[in-house]
Amino acid sequence: MKQLQYLAPALAPVHPAWEDVLKSPAVFARLVQIDQQLSQQAAQGKTLFPPRANIFNALRTMAPADIKVVILGQDPYHGQGEAMGLSFSVPPGVRIPPSLRNIYKELVADLGGGMPASGDLTHWAEQGVLLLNSVLSVEMDKAGSHGKLGWQAVTDALIDAVNQKNPGCVFLLWGNWAQTKAERIDSSRHLVLTAAHPSPLSASRGFHGCRHFSQVNAWLAAHGRGTIHWMPAASQNSLF
């Protein structure tokens with residue numbers, strides 16, 4: 001998109017069905033503002049995550065109408081090599097972060113099987129799981145550092161697009177922040193499931209035992225949308 005420099009490589013691989021949202025006047029104006037701030041920080045030598053080509057990684061594989069599940073995160077991992085543009089996901093070979101470790105524990109408790117060996121959730125995204133953070137960038141070792149750049153206006157518009165264009169999907173709202181987005185979702189068409197955040201600080205207060213993965217598949221199957229194969233190749237030698 002013209003006028004964008006830092007974000008241009010990130011937008012190139014985005015599924016074309018998202019372009020109406022990203023090119024809408026209000027959203028694009030916000031992207032221009034964010035682009036300017038990111039370009040300035042990069043010029044100052046700051047290390048930003050995820051790698052800029054992956055900032056919109058969550059939007060690569062599916063159109064809004066084809067999404068089956070939305071899992072909302074807050075902002076990217078801020079450690080070296082962790083963020084990859086998919087909420088809760090880390091690249092292959094990276095140690096599985098605590099929140100994702102708890103997600104996997106609940107997955108195993110719900111559906112059975114061995115503990116996944118990799119924290120890469122690309123196989124979820126490829127099946128129609130939108131792994132979307134509210135804030136899409138962060139400065140290295142500074143959690144929440146880009147929370148005021150304006151990303152929420154962009155990602156709220158993406159959530160609205162799924163809400164409006166999708167015939168019916170499941171929104172998984174884990175934690176108080178994610179649950180603030182419930183007001184944007186038409187619960188007469190979509191299933192909204194809530195639980196505590198999978199962080200070690202809160203997982204024991206309602207995330208463990210939520211059984212969301214089996215509930216998602218039951219709802220999708222009942223509505224003729226297939227199911228999600230949540231389990232990748234499993235291994236007890238996982239990167240914990």
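A residue counts as buried here when its relative accessible area is under 20%. By that cut-off cysteine 169 is buried, because its relative accessibility is 0%. Cysteine 210 ends up on the buried side too, with a relative accessible area of 12%. The model behind these values is a predicted one.

The two cysteines are a handy place to begin. A disulfide is a covalent bond between the sulfur atoms of two cysteines. This structure has zero of them. For cysteine 169, the nearest cysteine sulfur belongs to cysteine 210 and sits 17 Å away. Looked at from the other end, cysteine 210 has the sulfur of cysteine 169 as its nearest, again at 17 Å, and takes part in no disulfide. Since a disulfide needs the two sulfur atoms within 2.5 Å, that distance rules the pair out, and so both cysteines stay unpaired.

Next comes the spot flagged in the sequence record. The unreviewed UniProt entry carries an "active site" annotation, and the residue under it is Asp75. Aspartate 75 belongs to the loop that runs between strand 2 (69-73) and helix 4 (98-111). Is this residue buried, exposed or partly exposed? Aspartate 75 comes out as partly exposed, because its relative accessibility is 24%. Beyond its neighbours within four places in sequence, aspartate 75 is in contact with Asn133, Val135, Val138, Ala143 and Gly144. One of these partners stands out for a polar link: the aspartate 75 side chain comes to 2.8 Å from the backbone nitrogen of glycine 144.

Not far along this list of topics is serine 134, found in the loop between strand 3 (129-133) and strand 4 (138-139). Serine 134 is buried, because its relative accessibility is just 3%. Its contacts, leaving out neighbours within four places in sequence, are Gly73, Gln74, Trp151, Gln152, Thr155, Trp177 and Lys181.

Trp151 leads straight to the core. In soluble globular proteins, nonpolar side chains tend to be buried together. The largest nonpolar core of this model holds 79 residues, and Leu7, Leu22, Phe56, Trp124 and Trp151 have the most contacts inside it. Helix 6 (residues 151-165) is the top contributor to this core, giving seven residues. Tryptophan 151 touches a long list of residues beyond four places in sequence, among them Leu7, Leu31, Ile34, Leu38, Ile55 and Phe56. That list also includes Ser134, Val135, Leu136, Ser137 and His146.

Leucine 48 shares some of these surroundings. It sits in strand 1 (residues 48-49) and counts as buried, because its relative accessibility is 10%. Apart from neighbours within four places in sequence, leucine 48 is in contact with Tyr6, Leu38, Gln41, Ala42, Val138, Glu139 and His146. Glycine 93, which is 45 residues away from leucine 48 in sequence, lies 20 Å from it in space, C-alpha to C-alpha.

Last up is helix 8 (residues 212-222), whose buried residues are His212, Phe213, Val216, Asn217, Trp219 and Leu220. Viewed down the axis of helix 8, these residues fall within an arc of 165°, so they line one face of the helix. An α-helix has 3.6 residues a turn, so residues three or four places apart point the same way. The cover over the buried residues of helix 8 includes strand 2, helix 4, helix 5 (122-125), strand 5 (170-174) and strand 6 (191-195). After helix 8 comes glycine 224, with a positive phi near 70°.

Terms used. Residues numbered from 1 in each chain as written. Predicted model: local features only at pLDDT ≥ 70, side-chain atom pairs only at ≥ 80, totals over all residues. Heavy atoms only, no water. UniProt positions renumbered as here; feature names shortened; annotations may be inferred. Helix = DSSP H or I, 4+ residues; strand = E, 2+ residues; numbered from the N terminus. Buried < 20%, exposed > 50% of the residue type's maximum accessible area, 1.4 Å probe, protein only. Contact = heavy atoms within 4.5 Å. Polar contact = N/O pair within 3.5 Å; in protein donor to acceptor, adjacent residues only side chain to side chain. Arc of directions from axis to C-beta. Core = buried A, V, L, I, M, F, W, Y, C linked by side-chain atoms within 4.5 Å.
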